[in-house]
Amino acid sequence: MANWIINNGLTAFILVVWMAINIFLFLWFYFFYDLGDEYIYTRHLLGSALAWARAPAAVLNFNCMLILLPVCRNLLSLIRGSFMCCGRTMRKQLDKNISFHKLVAYMIALMTAVHMIAHLINVEWYNNSRRGSYDELSTALSNLEDDNGDDDDDNATTYLNPIRTTDITPTYFVFTSIAGLTGVIITLALILIITSSMEVIRRSYFEVFWYTHHLFVVFFIGLVIHGTGYIVRKQWNMELHNVTFCRGRSSDWGRIPQCPVPQFKGGPAQTWWWVIGPMVLYIFERVLRFIRYTQAVTYRKIVLHPSKVLELQLIKNGFKMEVGQYVFLNCPQISQLEWHPFTMTSAPEEDFFAVHIRSAGDWTDKLIDIMQTLPEGAQGPNSCQKYFGMWHRMGVDGPFGTASEDVFDYEVSMLVGAGIGVTPFASILKSIWYKFKISNPNLRTRKVRTQDIYFYWICRETHAFEWFADLLQGLEKEMEERGMADFLTYKLYLTGWDQGHANHARIHSDKDTDVVTGLKQKTNYGRPAWDKEFEQVRKENPTSVVGTFLCGPAVLAKILGKKCAKYSDVDPRKTRFYFNKENF
């Protein structure tokens, strides 16, 4: 348990606080509407469904306030920069923004379902009361009409039941009232947003996910308008109309001084109080993205690697990056609205930034097809315009921070990349290479805390290793020349192999270099034995803080997370593993 707390304690605390606020809001507003004197007559018509409708509404307001904040990438980058002086555990929470975004969305979906069901019951009971299906008091409350007297308050009306006639159906009321119609619209928008966000759809039909997710604009507009329907009303002349005395004398209302006609009003609409701040922040976020989109980006080099992996080297004035960061790319020739995240594979020391893009969907396939029309290795700032004109310019938004930025803040770092997931670590390894070139004479004399790096690259096919083999060869040479062969320990794993691969490797096992990669480190066949690897790292670093970084699938993240907890020592003087995962 103590080991688990090391990696997940602060995250668990934040979630407990979030859940506690949700529970508090639900209970507070439930009892407010279930026990409040101003809602005695309203409860007589609606029963407990009143409280069951209003309590989820309060929780909805709170979570709708939160839902936009985790996707304000520039805001998160600003906060991450502000936390550089704080502990890495605090910065680590920012890397879980998408997970928190999903969690808040699930709460919104749950509360929307409860709110909707309760209000459907309310509409049915409103309609039955209007038709006189219940007791005398329900009929009297439903028959109250608008007060068109001299009162200047537009909401100061006598009616309580929003269904004003007996010749309409509940369905008609739902689709013609402000509260009902906006409720239907935002519910449909929410259903489309959530269903299209399922993993199977998001990975196979990203465009569907992307476009339906932008229904959030419809959702928030409808949400703000929804509360202005005033479907739930409260009594406001309680000092004149004593409910306890008058509720059994509905026939005397307005006839005796003790029981004037009860008056009711709706509102005020409160949702916009909660969401106006995040909405303004998000508008600023989109304006900043648009400004970045309009800034010129030129192509330095375009290379198509094996396994249909595209490398783009780009130049943008004023662009500054750190290791492990990512950018969003937009190609107007494909779609002016779609933006896709890609980790940069270049180093901060280079005068350009690069991304490696694997064929993984319609958008990437189209981009690769477009770039294939250019000559291999096309270079120069005008190469794009020469072949496609200004329409083919690339929009770039970023850079944005990730967990990999903190790799040099740990004494020891374990880097695990799966397939194209090697990209953030390519940036890190390149930066190390540049530091080797400029350091004098030892990297550890520089302002780098890291003493050892363990790098694991897991690929299904041999061609993938060609992407960064030159980089690894350069690092091998530099480390040998400087007597620092122990600084970087790297292991390559080939998971998609057959017996032919194994036989070929066995025949050439006596060679100094690997037959697959050309590196001195031989390729391993199969998957890593993680218990063995963690045990080795702990043995070689008995008193170190080890940062474990993954860019890969969720299944592998679950495995590594458990290993970090298993092999972390409760004693702060001994080895502790901290798990970090790339999230987009």
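Let me begin with one residue, threonine 11, which has a relative accessibility of 16% and therefore counts as buried, the cut-off for that word being under 20%. Please keep in mind throughout that what we are looking at is a predicted model.

As for where this residue sits, threonine 11 belongs to helix H1, which runs over residues 2-35. If we set aside the neighbours within four places in sequence, threonine 11 is in contact with Gln93 and Lys96.

Now to the annotation: the unreviewed UniProt entry carries the label "transmembrane region" for residues 12-33, 53-79, 100-121, 172-196 and 208-232. Two of these spans can be described further from the model. Residues 172-196 are 92% helix and 0% strand, with their end C-alpha atoms 29 Å apart, while residues 208-232 are 68% helix and 0% strand, with 37 Å between the end C-alpha atoms.

Let me turn, finally, to helix H20, which covers residues 530-540 and whose buried residues are Trp530, Glu533, Phe534 and Val537. How are these buried residues arranged when one looks down the axis of H20? They fall within an arc of 95°, and so they line one face of the helix. On the other side of H20, by contrast, Lys532 and Lys539 are exposed.

What, then, do the buried residues of H20 pack against? Their partners are the strands E10 (412-418), E11 (452-459), E12 (488-494), E14 (545-551) and E15 (576-581), together with helix H21 (554-567).

Key
Residues numbered from 1 in each chain as written. Predicted model: local features only at pLDDT ≥ 70, side-chain atom pairs only at ≥ 80, totals over all residues. Heavy atoms only, no water. UniProt positions renumbered as here; feature names shortened; annotations may be inferred. Helix = DSSP H or I, 4+ residues; strand = E, 2+ residues; numbered from the N terminus. Buried < 20%, exposed > 50% of the residue type's maximum accessible area, 1.4 Å probe, protein only. Contact = heavy atoms within 4.5 Å. Arc of directions from axis to C-beta.
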